[in-house]
Structure formats: C-alpha cells, structure tokens
Protein chains: 2
Amino acid sequence: MDAVLQELKHIIQACDRAITAEDFDTLMTYYADDATLVVKPGMHVTGRAQIRRAFVAIAEYFKHSMVVTQGEMKVVESGDTALVLMQTMLQTKGDDGQPVTTERRATYVFRKASAGQWLCVIDNSYGTDLIDAV
Amino acid sequence: MDAVLQELKHIIQACDRAITAEDFDTLMTYYADDATLVVKPGMHVTGRAQIRRAFVAIAEYFKHSMVVTQGEMKVVESGDTALVLMQTMLQTKGDDGQPVTTERRATYVFRKASAGQWLCVIDNSYGTDLIDAV
C-alpha cells in the first residue's frame with residue numbers, strides 16, 4: 001500500500017485516539033500553526049489555540065462520551081500537499097444514555113512541514129456536505 | 001461575500017469555460033507544475049503535461065460534447081491553502097445524441113503561488129465518492 005497513505009493513516013489514528021482520550025496537547029502537535037477546523041457548517045476556526053478551545057467545547061457538548069474511529073480512506077497527493085477522503089465514525093451518548101453513531105465522509109488537507117512531518121492544515125469532517133450549508 | 005471565495009469562483013469559471021472550449025493551453029495556466037488530477041476513481045495523473053493529455057483524452061471520450069458548469073460552492077481557507085467544495089454539472093451527449101447531465105460534488109485544493117495567483121494543486125471532481133472506489 002502507498003507509503004504516504006499509511007503515514008497519514010497512522011497520524012489520523014493518533015489524532016482519533018487523542019480526541020477520544022481528550023489529550024488535546026498531543027492532538028495539537030498534528031495541526032499546522034495556521035490550520036483551520038470546520039467546527040460545524042458555517043463555523044470555522046483558525047489557529048492552534050482556537051482549534052484546541054473548539055475541541056474542549058466539543059468534548060463538553062458531547063458530555064465527554066465521544067469516541068472517534070476511522071473507516072475507508074483514500075489519498076490524493078501533489079508534492080507536499082495531500083487531500084484525504086475518509087469515512088469517520090463518531091460515537092457519542094444520546095440524551096437517553098444510549099450510544100449514537102454518526103458517520104461522516106471527511107475531507108482533510110495535510111502539508112508536509114520542512115521537518116518532513118505531515119501536519120493537518122484543513123480539517124473538514126463534513127466533507128462535501130458543507131455545500132448544502134446555508 | 002468572501003474575497004477568496006469570489007476569486008476562486010472566477011478561476012473555476014474560467015477553467016470550466018476553457019474545458020468547454022477545449023482551450024487546454026489556457027486551462028493549464030490555472031494548475032501548479034506538480035498538480036494532480038483524478039481522471040477517474042483509481043486513476044490519478046500528476047504534472048501539467050499529463051493533466052493536459054488527460055483532458056484531451058476526456059474530450060475525445062465524450063466526442064467533444066462536454067459542457068461544464070458550476071453550482072453551489074464553499075471554501076475553507078488556511079493561509080495560502082484553500083479547500084473548495086463544489087457542485088459541478090457535466091453535460092455530455094449520450095450514444096443516442098441526447099444530452100446527459102451528471103452532477104458531481106467536487107473537492108479542489110488551491111495554493112497561492114509566490115506571485116499571489118491561486119493555482120489548483122489537487123483536482124478531484126469525484127469528492128468523497130472516491131472513498132467507495134476499489
């Protein structure tokens with residue numbers, strides 16, 4: 001299998017584990033300084049500090065019950081830029097305490113930093129569903 | 001409306017006109033040297049010369065009947081990188097000579113070159129449908 005795909009898969013798995021563990025310091029090491037996160041359709045935040053705050057708020061919103069796992073993944077590369085298309089499963093607890101699983105088809109853009117590490121520059125877990133947002 | 005969104009919208013409209021007119025020299029001025037085009041799921045080509053050849057082959061495949069137009073568009077920016085999520089309508093002629101319209105939900109990655117011009121680095125008109133490709 002493609003080396004870049006494998007490398008990015010490991011990075012995204014590490015991010016998912018960090019989100020699930022609410023280890024936001026580790027999570028932030030995978031984002032570029034000026035990265036942008038789509039918090040929800042119509043709401044974007046830019047910069048590590050803002051992204052970290054958004055993840056803290058998301059964890060609180062889901063009452064610390066969020067578990068993120070991956071499904072199928074494809075990568076399109078161009079030099080030091082990679083577009084990731086990915087199935088993401090978001091498991092949370094509903095108001096009745098029962099688990100609720102949401103599947104998203106995410107789009108992530110990664111850039112290879114000068115040190116050779118891939119960093120997330122655009123994190124849009126809503127993928128092309130964003131087109132329908134008002 | 002957002003300035004970068006307007007700028008990218010005009011660039012993509014110019015690309016669509018160039019594809020429809022089969023003016024591939026003009027089209028190539030909007031792609032980075034090392035850009036990657038998803039020709040179809042599972043088939044990517046990298047570099048201007050390869051992308052140009054793919055567009056020539058696509059035009060022949062559709063018997064020079066292809067008309068490309070845009071629908072809704074959203075942009076997520078991070079510094080000199082922009083992710084475009086976009087409805088793309090592809091009108092071609094079927095075997096019976098009748099027009100066939102295909103709607104795609106595309107994902108494009110643009111980078112701002114040092115001269116300040118936005119160039120397409122990843123052209124994936126299949127969007128997250130690529131996840132389902134074998």
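Here is a short tour of a predicted two-chain model, from its confidence scores to its fold and its interface.

Some ground rules come first. Residues count from 1 along each chain as its sequence is written, while chains are lettered from A and ligands numbered from 1 in the order in which they are written. As the model is predicted, local features need pLDDT of at least 70 and side-chain atom pairs count only at pLDDT 80 or more, whereas totals for chains, interfaces and linings use all residues.

**Confidence.** Chain A has a mean pLDDT (the predictor's confidence in each residue, from 0 to 100) of 94, with 99% of its residues at 70 or more. For the complex, the predictor gives an ipTM of 0.94 and a pTM of 0.95.

**The sheet.** Helices (H or I, at least four residues) and strands (E, at least two) are DSSP runs, numbered from the N terminus. In chain A, six strands make an open sheet with mixed pairing, in the order 2-1-6-5-4-3; two strands pair if DSSP finds at least two bridges between them. Strand 2 and strand 3 of chain A are the edges, each pairing on one side only. Inside the sheet, strand 1 of chain A runs parallel to strand 6 of chain A, joined by three bridges. A:Thr36 sits opposite A:Ile122 in strand 6 of chain A.

**The helices.** Two helices of chain A pack on this sheet, touching it through contacts (C-beta atoms, placed from the backbone, within 7 Å). Angles run from 0 to 180 degrees between N-to-C directions, with axes fitted to C-alpha atoms, for helices over the stretch in contact.

| Helix of chain A | Strands of chain A touched | Angle |
|---|---|---|
| Helix 1 (residues 3–20) | strand 3, strand 4, strand 5, strand 6 | about 150° with strand 3 |
| Helix 3 (residues 48–61) | strand 1, strand 2 | about 35° with strand 1 |

Right after helix 3 of chain A comes A:Lys63, with a positive phi near 50°.

**The pair.** Chain B lands on chain A after a rotation of 180° with 0.0 Å of shift along the axis, at an RMSD of 0.0 Å; the fit is by least squares on C-alpha atoms of residues with pLDDT of at least 70 in both copies. The copies are therefore related as by a two-fold rotation axis. In chain B, the C-alpha of B:Thr128 is nearest the axis, 3.5 Å from it.

How many residues does the contact take from each chain? It takes 29 from chain B and 29 from chain A. On the chain B side, these split into twelve nonpolar, eleven polar and six charged. Here Ala, Val, Leu, Ile, Met, Phe, Trp, Tyr, Cys and Pro count as nonpolar, Asp, Glu, Lys and Arg as charged, and the others, Gly among them, as polar.
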